[in-house]
Amino acid sequence: MKTQVGIVGAGPAGLVLARLLELRGISSVVIEARSRDYVEQRVRAGVLEQRSVDCLTEAGVADRLHEEGMVHHGIELRFGGQGHRIDFSALTDGKSITVYGQQEVVKDLIAARLASELPLLFEVSDVSVDVDRPAVSFTHDGSAVELECDVIAGCDGFHGICRDAVADHLTVFERVYLFAWLGILAHSKPSSEELIYANHERGFALHSMRSPSVTRSYLQVSPEEDIDEWPDERIWEELNARFALDSGFSLNEGEIFEKGVTPMRSFVVEPMQHRKLFLAGDAAHIVPPTGAKGMNLAIADVEILAAALESFAASGDESGLQSYSEDCLRRVWRVQHFSFFMTSMLHRPENQDPFEAQLQRAQLDYVCSSEAAARSLAENYVGLDRV
Ligand code: APR
Ligand code: PHB
């Protein structure tokens with residue numbers, strides 16, 4: 001089997017890349033270890049920056065996103081029993097974010113790929129890459145396949161094989177946090193029009209949503225937390241305690257139909273390329289979810305990669321491919337910083353040092369009282385056009 005770009009992984013990075021290449025007349029084969037059902041049901045984050053929405057719109061895969069996605073013009077920061085709105089539109093010349101589940105984006109992209117009758121192979125196994133030839137080998141439907149390509153796109157997420165295949169040539173930058181997020185999906189009406197990020201002495205909490213009747217909420221917990229220790233009543237009680245307002249507040253409760261604990265880390269490899277293997281998305285970097293950036297960063301990487309591949313395919317011009325890593329990493333580190341900033345400002349480490357607690361409060365007060373500080377948060381949250 002032969003193609004121009006062998007894409008390993010059908011998450012947002014791999015699928016958006018495949019779509020952008022299709023629109024540029026570049027052939028690709030996408031291979032995915034899991035089943036279609038699994039990737040379409042996997043619950044992940046759900047905030048799209050304006051530029052990600054624009055990318056998906058230009059790629060012709062955003063009809064449902066525009067129908068069902070919820071456009072938000074701000075967020076609330078809640079601490080000390082008070083809520084404080086950060087008004088994105090006022091602070092960033094009218095920009096907004098769209099709340100739309102990552103698995104919905106994945107469903108739309110898979111539907112588009114299949115409608116175009118282009119190769120997308122699920123449930124492949126024994127995947128390996130040869131970065132010198134280059135080629136991707138795997139088993140599909142019981143047969144061994146070798147996919148020869150001009151370039152390999154390693155879009156196989158944090159636990160994929162592409163990064164490991166070139167690990168000797170990469171430098172790792174990493175920070176592991178002492179807390180995790182317990183996330184739930186519930187059949188309940190959102191309790192606020194916008195997302196609420198709460199810093200409470202019992203720990204961080206986030207209230208988000210997926211539709212007018214489904215909410216997504218998170219609680220800061222320990223990374224070793226046993227989910228069985230969290231029956232539904234305890235979750236609602238804890239969420240209500242952390243979102244408490246002096247003026248009174250309680251969440252709309254409902255049946256919890258999904259629960260899970262996700263550890264948090266910051267991770268980057270440099271460079272994001274070795275020979276003809278280009279890493280994109282979670283394969284190259286992970287951000288803690290507090291800045292809502294994971295999917296946006298994956299999309300930003302593959303926009304750069306698609307443009308570089310277009311020049312390469314058209315005229316053999318390799319300059320875009322050569323600067324791929326550097327071009328991506330500027331945004332990656334800006335976003336790492338923002339995600340670290342949001343995480344540090346909002347979470348309460350166990351046995352928090354009282355000095356640090358005061359610094360955290362001073363930072364929150366500043367962001368909520370200074371227009372300059374609020375604007376900095378807002379422009380990062382909605383996404384910087386240029387980095
Ligand atoms: N071969 C083929 N596919 C693989 C392999 C492999 N050896 N290993 C992993 N995969 C697949 C995974 O099953 C997954 O579907 O690669 C895909 C990677 O997708 P994601 O993990 O969603 O990563 P990415 O596309 O980079 O998107 C980043 O995902 O984790 C979230 O917060 C993150 O929102 C961000 C987004
Ligand atoms: C979500 O809706 O899942 C979500 C929202 C904002 C975040 C993280 C996750 O910062």
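These legends accompany several close-up views of a predicted model.

**View 1. Ligand 1 and the residues that come nearest to it.**
Welcome to the first binding site. Around ligand 1 there are 25 residues, and E32, R42, R44, Q102 and D282 come nearest. Sorted by class, this shell holds twelve nonpolar, seven polar and six charged residues. Look for R44 again in the next view, where its side chain is picked out.

**View 2. Polar contacts of ligand 1.**
Which residue has a side-chain N or O atom 2.7 Å from an oxygen atom of ligand 1? The residue to find is R44. Two further pairs use the backbone of the protein instead of a side chain. A polar backbone atom of A13 is 2.9 Å from an oxygen atom of ligand 1, and a polar backbone atom of A33 is 3.1 Å from a nitrogen atom of ligand 1. On its own, ligand 1 would expose 710 Å², and the protein buries 87% of that area. Two elements give two or more residues each to the shell: α1, which spans 12-23, and α9, which spans 294-315. Of these, α9 gives the most to the shell around ligand 1, with three residues.

**View 3. Ligand 2 and its surroundings.**
Now turn to the second ligand. Ligand 2 has 14 residues around it, of which Y197, S208, R210, Y218 and P289 come nearest. By class, nine residues of this shell are nonpolar, three are polar and two are charged.

**View 4. Polar contacts of ligand 2.**
Three of the residues named in the previous view return here. An oxygen atom of ligand 2 is 2.5 Å from an N or O atom in the side chain of Y218. For Y197, a polar side-chain atom lies 2.7 Å from an oxygen atom of ligand 2. P289 takes part through its backbone, with a polar atom 2.8 Å from an oxygen atom of the ligand. How much of the area that ligand 2 exposes when taken alone does the protein bury? The protein buries 99% of 280 Å². Strands β14 (195-200), β15 (203-211) and β16 (214-221) each give two or more residues to this shell. The largest share, three residues, comes from β15.

**View 5. The largest nonpolar core.**
In soluble globular proteins, nonpolar side chains tend to be buried together. In this model, the largest nonpolar core has 77 residues, and I7, L17, L48, L56, V136 and L309 touch the most other members. Helix α9, which you met beside ligand 1, gives the most to this core, with ten residues. To see what the surroundings of one member look like, pick L56. Beyond its neighbours within four places in sequence, L56 is in contact with V16, L48, V61, A62, L65, V105 and I299. Another core lies apart from the largest one; this second core has 33 residues, including F88, L91, Y177 and F179.

**View 6. N199, a residue of strand β14.**
The last view follows a single residue. N199 lies in strand β14. Is N199 buried or exposed? N199 is buried, because its relative accessible area is 5% and buried means under 20%. A polar atom of the N199 side chain lies 3.0 Å from the backbone oxygen of M345. Leaving out residues up to four places away in sequence, N199 touches R78, F79, G80, M345, L346, R348, Q360 and L364.

Notes: Residues are numbered from 1 along each chain as its sequence is written. Chains are lettered from A and ligands numbered from 1 in the order in which they are written. This is a predicted model: local features need pLDDT of at least 70, side-chain atom pairs count only at pLDDT 80 or more; totals for chains, interfaces and linings use all residues. Side-chain values use heavy atoms; hydrogens and water are left out. A residue is near a molecule or strand if one of its heavy atoms lies within 4 Å of it. A polar contact is a pair of N or O atoms within 3.5 Å; within protein, one must be able to donate a hydrogen and the other to accept it, and residues adjacent in sequence count only if both atoms are side-chain atoms. Accessible areas come from the Shrake-Rupley method with a 1.4 Å probe; for residues, only the protein chains shown count as cover. Helices (H or I, at least four residues) and strands (E, at least two) are DSSP runs, numbered from the N terminus. Ala, Val, Leu, Ile, Met, Phe, Trp, Tyr, Cys and Pro count as nonpolar, Asp, Glu, Lys and Arg as charged, and the others, Gly among them, as polar. A nonpolar core is a set of buried Ala, Val, Leu, Ile, Met, Phe, Trp, Tyr and Cys residues joined through side-chain atoms within 4.5 Å. Buried means under 20% relative accessible area, exposed over 50%, partly exposed in between (1.4 Å probe, protein chains only). Contact means heavy atoms within 4.5 Å.
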